[in-house]
There are 2 protein chains.
Amino acid sequence: MGIINDITLTPLKIIPAGSGEVMHALKNSETSFHGFGEAYFSTVSNHTAKGWKRHLRMISNLIVPSGRIRFILYDDRPASSSFSVVQEIILSKENYQRLTVPPGIWMAFEGLSDETNMLLNISSIPHDPTEAESLPLKNDIIPFAGFE
Amino acid sequence: MGIINDITLTPLKIIPAGSGEVMHALKNSETSFHGFGEAYFSTVSNHTAKGWKRHLRMISNLIVPSGRIRFILYDDRPASSSFSVVQEIILSKENYQRLTVPPGIWMAFEGLSDETNMLLNISSIPHDPTEAESLPLKNDIIPFAGFE
């Protein structure tokens with residue numbers, strides 16, 4: 001486990017607002033913003049994982065407003081000084097941060113709560129299957145055995 | 001109760017994806033998209049309401065990925081052919097649609113579920129208190145007595 005270059009975590013505010021809360025996600029003036037392609041939610045059941053996936057062009061901005069999600073990232077960019085580094089990040093309302101992931105990073109994520117484990121991705125380009133690659137959770141390329 | 005001009009509802013897809021779902025919110029190619037200013041979440045407790053609020057410039061795109069929220073909209077635009085019309089819309093995963101609200105419409109919303117009642121607003125401009133007006137839930141301007 002280590003720290004991957006170009007991956008950023010940005011603390012986000014949760015503001016009490018009457019009988020509820022306002023929870024920030026992303027503003028167009030922030031450095032994490034790289035254009036708006038699409039916003040979508042992805043949910044994952046407790047103790048199960050989705051991945052691996054790597055984008056060739058998309059920059060992802062990931063926020064977890066519900067539940068608890070463990071992200072595993074793997075830097076497979078040969079020119080990166082953090083090449084072959086694996087990084088783990090757990091996000092939830094208790095650790096409410098925005099995770100910005102550049103292209104070229106393999107990512108998988110796992111639900112850690114009995115509540116709805118939900119992420120919002122505000123991505124720089126709309127969904128395009130031709131710019132994404134997938135691998136099964138167990139494979140011979142990513143040196144991480146953390147998913148059952 | 002009626003139908004207000006310029007307010008649109010767009011059905012959104014929920015796609016089973018392994019041990020979870022992918023839930024669409026907004027793409028930059030859709031007609032509801034009017035630029036990206038900010039994305040934020042707002043939660044509201046069951047049986048309680050937030051509002052009223054009216055924006056002078058912001059176009060809101062509202063999606064409810066968790067819980068159940070009742071929106072009440074009031075058209076206070078004198079030049080509108082639906083002037084003084086009140087409209088109610090209830091959104092949830094069971095009625096998973098995107099509600100697009102133009103400037104000039106008063107809006108309030110109420111939580112209807114014991115789960116987390118949560119909306120995502122993808123707004124055309126970032127939060128700016130100078131372009132929003134507020135009224136208490138009970139007031140002499142909006143002819144709607146539906147909130148306790």
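## A tour of the two chains

Begin by selecting strand S1 and strand S9 (residues 97-101) of chain A, which pair in the antiparallel sense over 4 bridges; strands here are DSSP runs of E with at least two residues, numbered from the N terminus, and two of them pair if DSSP finds at least two bridges between them. Within this pair, A:Leu9 has A:Leu99 of S9(A) as its bridge partner. The model is a predicted one, in which local features need pLDDT of at least 70 and side-chain atom pairs count only at pLDDT 80 or more, while totals for chains, interfaces and linings use all residues. Residues are numbered from 1 along each chain as its sequence is written, and chains are lettered from A and ligands numbered from 1 in the order in which they are written.

Next, widen the selection to the open sheet of 7 strands, whose order is S1(A)-S9(A)-S6(A)-S11(A)-S4(A)-S3(B)-S2(B) with antiparallel pairing. Its edge strands, each pairing on one side only, are S1 (8-11) of chain A and S2 (14-16) of chain B.

Now go to the place in the sheet where the chains meet: strand S4 (residues 38-44) of chain A and S3(B) run antiparallel and are joined by 5 bridges. Here A:Ser42 has B:Val22 as its bridge partner in S3(B).

Select the whole contact between the chains, to which chain B gives 31 residues and chain A gives 31 residues, a contact being two residues whose C-beta atoms, placed from the backbone, lie within 7 Å. On the side of chain B that touches chain A, at least two residues come from each of strands S3 (21-27), S4 (38-44), S6 (60-66) and S11 (117-123).

For the interior, select A:Phe71, A:Leu73 and A:Met107, which are among the residues with the most contacts inside the largest nonpolar core, a set of 66 residues; such a core consists of buried Ala, Val, Leu, Ile, Met, Phe, Trp, Tyr and Cys residues joined through C-beta atoms within 7 Å. Beyond its neighbours within four places in sequence, A:Met107 is in contact with residues including A:Trp52, A:Phe71 and A:Val101.

Finally, move to B:Pro102, in the loop between strand S9 (97-101) and strand S10 (105-111) of chain B. B:Pro102 is buried, with 20 other C-beta atoms within 10 Å (buried means 20 or more, exposed 12 or fewer, and partly exposed in between, with C-beta atoms placed from the backbone). Not counting residues up to four places away in sequence, B:Pro102 touches B:Asp6 and B:Ile59.
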